[in-house]
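Colleague: I have some questions about how the labels in this entry were assigned. Could you take me through the reasoning?

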Amino acid sequence: MDYNKLAELIFPDITKTVADLEERFPKRGLPEGAYVTRLAPSPTGYMHIGGLYAALISKKLSEQTGGVFYLRIEDTDKKRELEGGVEEILRSLADYDIAFDEGPFPGGEKAYGPYKQSERKEIYQICVKELMKKGYAYPCFCTAEELEAIRKEQEEKKADIGYYGEYAACRNLTYEEIEAKIRAGAPYVVRLKSPGNASAYITYQDPVRGTIEMPENQMDLVLLKSDGIPTYHFAHVVDDHFMRTSLVVRGDEWLASYPTHKQLFELCGFEQPGYVHIAPIMKMEGTTRRKLSKRKDPEAAVSYFLEQGFPAESVREYLLTIANSNYEEWHMANPQLTEDDFALSLEKMPVSGALFDMVKLTDVSREVISGFSIETCCEKILAWAKDYDADLYAFASGRKEMFLETIGLWKMSGKKVRKDVAKWSELMQMFDYLYLPQEKFEKTVSYELDEKYTVGQLTEAVEAYKKDLFLDTDNWFDRMKELGGPLGYCPNMKEYKKNPQDYKGSIADLCSIVRVAVTGHKNSPDLYTIMKALGEDTVRRRLDLFLASLS
């Protein structure tokens, strides 16, 4: 077979060579040890939390070595591509502060682009033509029916399933046979002519998993589909070489593809990047672990955490606790530092799947939010509520100074920082009495009444308090003591504990009755500040509503 002649028959319009591509995409000239990493999603669905996890690891590794982190869109599967899918990927990553040095976005198109595979068709065909000249690629005219017949024969013989060796029907066609089929307009794909032997083994050293032995690839996999567009395996090899990727971070489901990728790099004459196969993020289902599922688990989508109002910092920090076992210890020892100061280590990454623990994320998020200033909280809540909670946004944007004061209510207890809030969607659940419009509050309020108080006692206390709300003084608690004495509430807690039978209750009981009447809850931050935020008219409406509920 004259392979040069075959290559010209298949690719008559391809005049450039791999040498031209090497000149067009030169080595990056980065410092030794600098990683060029990438994220390469397909615009066929929402961004998975596993994709965000891989992106965070890839970005950290490039940044801490002075390298490059780029975004490549693998959009060769046009049938499954979603309209606006690329924009959704960019938006999702931006929501979690994942920025790229290069990629298909304004200002990101650098010398190693295009960064969409659909725009790199000629590059792939140049490389396939070169492989064909070396005798490592050939056209395959097999129909779907013929491929199915091959599969059935392999099943009957209990042979490996695939297109290889004696089962590769088009592997040994003559040039004349190939030319005749092409002249007749027969559709074809271009396949790899694999020199591999499944009985031979390769050794692979994974930074996370250690030494792995795997059989060589023997399959004549498809390089170019009938429309001239490459398959994933070939496209990623060509792109990683000419974008000068030096480290690929990917899920361990791709481990089985390593022999194929290694073989393609070697046959193309390309230097192979390093591979890191990270463990998947898992979930407990009963007593067993399984991977987070796009179909079953809402938390599989990164948009879920945004909708719930988890700050991006919380999600990123939680993912770092999964990525490196020593992150939490480092963070506790260095509270003044940020995640940017942490050096991610491949050696400390988990080998088995890490459980996604929503309770742990919630705890991490409480810590993160407790570290925000009141002003930062305000800014982040406003940005979130604008899209996800109209009532909260109306309060926060319309009464910003008062909103800042209410943040201080649930964030601080004197000089001590509270850690009650883990996500912004909790604000309406925990502090509905502050942020709900009065009309909605009246329709939804449910009073947490203590059974020890009688209806008469509740009525008497609230009626007495209504006469003067004491909202124009900073000595509210002292005024409550003065009010409570004549009503039978002991103003001194020590005295009350000694002789509880002599009183209706303590001053704390009187305050608790008013608290429930105003907020519906037994527990809340400082009641006086809450009432100041609500205003006298609203407080009186709340007290009247409570009294009406008693009757």
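**Pockets, pairs and strands**

Modeller: Gladly. The largest pocket has a volume of about 1,000 Å³. Of the 33 residues in its lining, A40, P41, G51, E253 and W254 are the closest to the centre. Keep in mind that this is a predicted model.

Colleague: Which elements each supply at least two residues of the lining of the largest pocket?

Modeller: They are β1 (36-39), α3 (49-64) and β8 (247-251). Helix α3 gives the most, with four residues. By class, this lining has 16 nonpolar, nine polar and eight charged residues.

Colleague: How much space lies in the second largest pocket?

Modeller: About 550 Å³. The second largest pocket is lined by 20 residues, and the closest to its centre are E317, Y327, H331, E367 and V368. Two or more lining residues come from each of α11 (312-323), α12 (327-333) and α13 (358-370). The largest share, five residues, belongs to α13. Here the classes are seven nonpolar, four polar and nine charged.

Colleague: On to charges. What makes E102 and R28 a salt bridge?

Modeller: Their side chains meet with N to O at 2.8 Å, and the cut-off is 4 Å, so the pair qualifies. As background, side chains of opposite charge can pair when their charged atoms come close.

Colleague: Where in the chain do E102 and R28 sit?

Modeller: In distant parts: E102 is in the loop between α4 (85-95) and α5 (121-133), while R28 is in the loop between α2 (18-24) and β1, 74 residues apart. Both E102 and R28 are buried. The structure holds 39 salt bridges.

Colleague: Which residue forms a salt bridge with R183?

Modeller: E179, with the closest N and O atoms 3.2 Å apart. Both residues lie in helix α7 (residues 175-183), four residues apart, about one turn of the helix.

Colleague: Why is R183 called exposed, and why is E179 called partly exposed?

Modeller: R183 has a relative accessible area of 61%, and exposed means over 50%, so the label fits. E179 comes to 24%. Buried would need a value under 20%, so E179 falls in between and is partly exposed.

Colleague: How do you know that D544 and K466 form a salt bridge?

Modeller: Their closest N and O atoms are 2.6 Å apart, and that is within the 4 Å limit. D544 lies in helix α25 (residues 536-550) and K466 in helix α20 (residues 455-466), so the pair ties together parts that are 78 residues apart in sequence. D544 is partly exposed, with a relative accessible area of 39%.

Colleague: Which residues are linked in a network of salt bridges?

Modeller: R38, R72, E74, R120, D239 and D240.

Colleague: How many disulfides does a search of the whole structure find?

Modeller: Zero.

Colleague: Why is there no bond between C140 and C142?

Modeller: The sulfur of C140 has its closest cysteine sulfur in C142, 3.9 Å away. A disulfide needs the sulfur atoms within 2.5 Å, so this pair is too far for a bond. For C378, the closest cysteine sulfur is in C377 at 8.7 Å, and that is too far as well.

Colleague: Are C140 and C378 buried or exposed?

Modeller: C140 has 2% relative accessibility, and C378 also has 2%. The limit for buried is under 20%, so both count as buried.

Colleague: Last topic, the strands. What makes β1 and β2 a pair?

Modeller: β1 and strand β2 (residues 68-71) share four bridges in the parallel sense. At least two bridges are needed, so they pair. For V36, the bridge partner in β2 is V68. V36 and R38 point one way from β1, T37 and L39 point the other way, and all are buried.

Colleague: Why are β11 and β12 said to stand at the edges?

Modeller: They belong to an open sheet of three strands with the order β11-β10-β12 and mixed pairing. β11 (288-291) and β12 (354-355) each have a single partner strand, so one side of each is left without a neighbour in the sheet. Strand β10 (residues 281-285) pairs with β11 in the antiparallel sense over four bridges, and the bridge partner of K283 in β11 is R290.

Definitions and conventions:
Residues are numbered from 1 along each chain as its sequence is written. This is a predicted model: local features need pLDDT of at least 70, side-chain atom pairs count only at pLDDT 80 or more; totals for chains, interfaces and linings use all residues. Side-chain values use heavy atoms; hydrogens and water are left out. On a 1 Å grid over the protein atoms alone, a cavity is a set of points where a 1.4 Å probe fits but cannot get out, and a pocket is an open set with protein on both sides within 12 Å along at least five of seven lines; lining residues have an atom within 4 Å of a point. Grid points are joined across faces, edges and corners, and a volume is the space filled by probe spheres set on the points. Ala, Val, Leu, Ile, Met, Phe, Trp, Tyr, Cys and Pro count as nonpolar, Asp, Glu, Lys and Arg as charged, and the others, Gly among them, as polar. Buried means under 20% relative accessible area, exposed over 50%, partly exposed in between (1.4 Å probe, protein chains only).
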